[in-house]
Amino acid sequence: MAGIQASNGVITGIDIQGTVNQLMSLAAEPRTRLTKATQQIQNEQVAITSLTALVVGVQLSTDRLGQNSLFSASTATSSNTAALKATVTGSPKTGSHSFIPVRQASAQQLTSSLLTSKDEIVGAGEIIIHQGGFLDQSVSLDSLNGGAGVARGSIRI
C-alpha cells in the first residue's frame with residue numbers, strides 16, 4: 001500500500017501531505033515550463049506558415065503585373081452598331097478611330113416606261129427591272145493588299 005496515511009507528522013506536527021504536494025509541484029515546474037515553451041513555438045510556427053501563405057499569394061498576384069498582355073488588352077466599340085461593327089484582331093494601336101461611310105443606303109424606287117392606260121397589254125419581249133444604286137458586299141480589311149491587310153491608324157478611300 002503506497003501513499004501517505006497521516007496528514008500531520010506524529011511527533012513534529014508538520015503538514016506532511018502539503019509539504020509533499022509542494023515538493024511535487026516544484027519538481028514538475030521544469031516540465032510545465034517546457035510544455036509552455038513548446039506551445040509557444042507551435043503558435044509561432046502556425047503564424048509563420050500563415051504569413052508565408054500570404055506572401056506567396058501576394059507574390060503570385062504581383063508576378064502577373066509583369067505580363068505585357070495585362071496592359072495591352074484592346075476593346076473595340078461602335079457608336080452606331082447598325083452601321084458599323086467593331087472587332088479587335090491582331091494588336092492594334094491604342095486610339096480612337098472614326099469611319100465615315102461614302103454613301104448610305106437610301107429608299108429605293110422602281111421605275112418603268114409609261115403605259116397609255118391601265119388596260120394596255122404589255123407586248124411580247126422581256127421585262128427588265130433595275131434597282132437604283134448598290135452597295136458592295138463587305139470586305140474584311142485584313143484580306144486587302146494580298147492578305148497583308150491595311151496599316152492601322154487611318155483609312156483613305
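Colleague: Where does Val 20 lie?
Modeller: Val 20 is part of helix H1, which covers residues 16-63. Bear in mind that this is a predicted model.

Colleague: Is Val 20 buried or exposed?
Modeller: Neither; Val 20 counts as partly exposed, because its relative accessible area is 31%, and partly exposed runs between the 20% and 50% cut-offs.

Colleague: Which residues form a nonpolar patch with Val 20?
Modeller: Ile 16 and Met 24 join Val 20 in a nonpolar surface patch. Together the three have about 240 Å² of accessible area.

Colleague: Back to secondary structure. How many helices and strands in the protein?
Modeller: There are 2 helices and 0 strands.

Colleague: And how much of the protein is buried?
Modeller: Of the 157 residues, 2% are buried. The protein exposes about 15000 Å², with 57% of that area coming from carbon and sulfur atoms.

Colleague: What about contacts between residues at least 24 apart?
Modeller: They make up 19% of the contacts between residues at least 6 apart in sequence.

Colleague: Different spot: where is Ser 98?
Modeller: Ser 98 sits in the segment that follows helix H2 (68-71).

Colleague: Buried or exposed, that Ser 98?
Modeller: Ser 98 is exposed, because its relative accessible area is 70% and the cut-off for exposed is over 50%.

Colleague: What separates the C-alpha atoms of Ser 98 and Ser 79?
Modeller: A distance of 9.7 Å, with the two serines 19 residues apart along the chain.

Notes: Residues numbered from 1 in each chain as written. Predicted model: local features only at pLDDT ≥ 70, side-chain atom pairs only at ≥ 80, totals over all residues. Heavy atoms only, no water. Helix = DSSP H or I, 4+ residues; strand = E, 2+ residues; numbered from the N terminus. Buried < 20%, exposed > 50% of the residue type's maximum accessible area, 1.4 Å probe, protein only. Contact = heavy atoms within 4.5 Å. Areas by Shrake-Rupley, 256 points an atom, 1.4 Å probe, with all protein chains shown as cover. Patch = residues over 30% accessible without salt bridge, like charges linked within 9 Å, V, L, I, M, F, W, Y side chains within 5 Å. Salt bridge = Lys/Arg side-chain N within 4 Å of Asp/Glu carboxyl O.
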